[in-house]
Amino acid sequence: MRCSCRVLCVDLDAVGTFVAAADAGQFQEAAAALSITQQAVSKRIAMLEKDLGVRLFIRTARGTQLTIDGQAFLPHARELLRVAERADASVRPGRRALRVDVVNRRVVSAGLLQDFYRMHPDIELDVVTLDADVNGAIAAVEAGTIDATFHGVPARQRLPEAVKAARMIDEPHQLLVGPRHAFANVRSVTPAQLAGHRIWMPGLHARGEVAVYYEELATAFGLAIDMLGPVFGNEALLDEIADSADLATLIGERSRYMWPDSYDLRRIPIRNPTPIYPMSLIWRDDNPHPALGQFRGYLDSRRADVPDVELWRPKWGQ
C-alpha cells in the first residue's frame with residue numbers, strides 16, 4: 001500500500017523569520033530584530049510560503065498582516081521553534097544536563113555527585129546507573145552516551161585515545177553483620193579474622209572488575225566469599241543477614257544503606273590492613289561540557305589524605 005502522506009520539510013530560519021515578522025508587524029522591524037536585511041526577510045517568507053503552498057502575509061499601508069492561513073500556522077511555527085530549542089539544548093554541552101554514571105545510587109560515587117550538586121544547584125545533572133562493567137562504561141564514554149563514569153580501572157586496562165581516567169576515590173571496606181553474628185560486638189576486625197566466616201555477596205561473579213577485586217582479596221587473606229545464589233536485591237540481602245548468626249557481607253565505608261531498627265545490623269571497620277577499593281573517574285578529554293571540568297575539580301578537592309593505618313589494595317590499584 002502506498003502512503004499518501006505528504007512530508008513537509010521547512011527551513012527553521014524561515015520559520016523563525018515568519019514568527020519575528022508576525023510579532024513585529026513589519027518586515028523592516030523583523031529584519032532589525034534578526035540582524036539581517038529586509039530583502040532577506042522577504043526571501044525567507046517567500047520560500048516558506050512556497051513550501052507551504054499558501055500566503056502567510058498581506059501587505060497593508062501600515063506594514064504586513066497575517067492571512068487566515070498565517071494565523072493558523074503561527075502557533076505551530078512557535079511550537080516548531082520551541083521543539084528545535086529543546087532538541088538543541090538536549091545535546092549541546094553547557095546547555096544539556098551533565099550525564100554521570102554513578103554505577104549504584106547507594107555507593108560513594110553517588111554521594112559525591114550529590115554533594116557536588118548541593119554546592120552547585122544551578123548545574124543540571126542527569127544521574128544514571130549503567131548496567132555495565134568497566135569495558136562497557138568506557139565504551140559509553142567514548143560514544144558520548146555519558147559524560148563520565150566511576151569504575152575501578154586495572155593497570156592492564158586499555159583506554160581509547162580520547163578517553164582519560166584518574167583515580168579519585170579510595171574506599172575502605174567494612175563488614176556488615178547481624179546482632180547474633182560472632183563479630184557483632186567487636187570494634188574492628190582484621191582480614192585474617194574473617195577467614196573461615198561466610199561472606200555472602202550473591203551475583204558478584206557477574207560484576208566484571210569488581211569481582212576481580214574481591215577474588216584477589218579472598219586469595220590474599222583466605223576468605224570465603226560466596227558469590228552464588230539468586231539476587232533478590234539489597235533489601236532481601238539485609239533481611240537474611242539480620243536473621244543469621246553466620247552470614248556477613250562487605251560494604252563500602254561511605255555506602256548508604258537503610259534498614260529497620262529491628263534488624264540491628266552492625267557496620268564493623270576492617271583494620272590491619274584495611275581493604276581499599278580504588279575508583280577512577282573516566283571521561284573524554286575532548287568533552288567540552290563546562291560542568292565536567294567543575295566536577296573533576298571538585299573531586300580533586302575532596303580527595304582525602306591516606307589515613308595513618310595499614311592498607312591493602314589490589315595489585316592493579318597500587
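This passage looks at helix H6 and at the nonpolar cores of a predicted model.

Helix H6 spans residues 134-143, and its buried residues are Val 134, Ala 137, Ile 138, Ala 140 and Val 141. Viewed down the helix axis, these buried residues fall within an arc of 160 degrees, so they line one face of H6. Their packing partners are four strands and one helix: strand S3 (98-101), strand S5 (148-151), strand S6 (163-177), strand S11 (274-284) and helix H8 (208-221).

Both ends of H6 reward a look. At the N-terminal end, Asp 133 acts as a cap, with a side-chain oxygen 3.1 Å from the backbone nitrogen of Asn 135. After the helix comes Gly 144, which has a positive phi, near 85 degrees.

Turning to the nonpolar cores, the largest one holds 46 residues, and the members that touch the most others are Leu 175, Tyr 214, Ile 225 and Phe 295. Two or more residues each are given to this core by strands S3, S5, S6, S9 (248-252) and S11, and by helices H5 (108-119), H8 and H10 (290-302). Helix H8 supplies the largest share, with 6 residues.

Ile 225 offers a handy close-up of this core. Beyond its neighbours within four places in sequence, Ile 225 is in contact with Ile 199, Met 201, Leu 204, Tyr 214 and Ala 218. One of these partners, Tyr 214, is itself among the residues that touch the most other core members. A second core, separate from this one, has 19 residues, including Ala 30, Leu 56, Phe 73 and Leu 74.

Notes
Residues are numbered from 1 along each chain as its sequence is written. This is a predicted model: local features need pLDDT of at least 70, side-chain atom pairs count only at pLDDT 80 or more; totals for chains, interfaces and linings use all residues. Side-chain values use heavy atoms; hydrogens and water are left out. Buried means under 20% relative accessible area, exposed over 50%, partly exposed in between (1.4 Å probe, protein chains only). The arc is that of the directions from the helix axis to the C-beta atoms. Contact means heavy atoms within 4.5 Å. A polar contact is a pair of N or O atoms within 3.5 Å; within protein, one must be able to donate a hydrogen and the other to accept it, and residues adjacent in sequence count only if both atoms are side-chain atoms. A nonpolar core is a set of buried Ala, Val, Leu, Ile, Met, Phe, Trp, Tyr and Cys residues joined through side-chain atoms within 4.5 Å.
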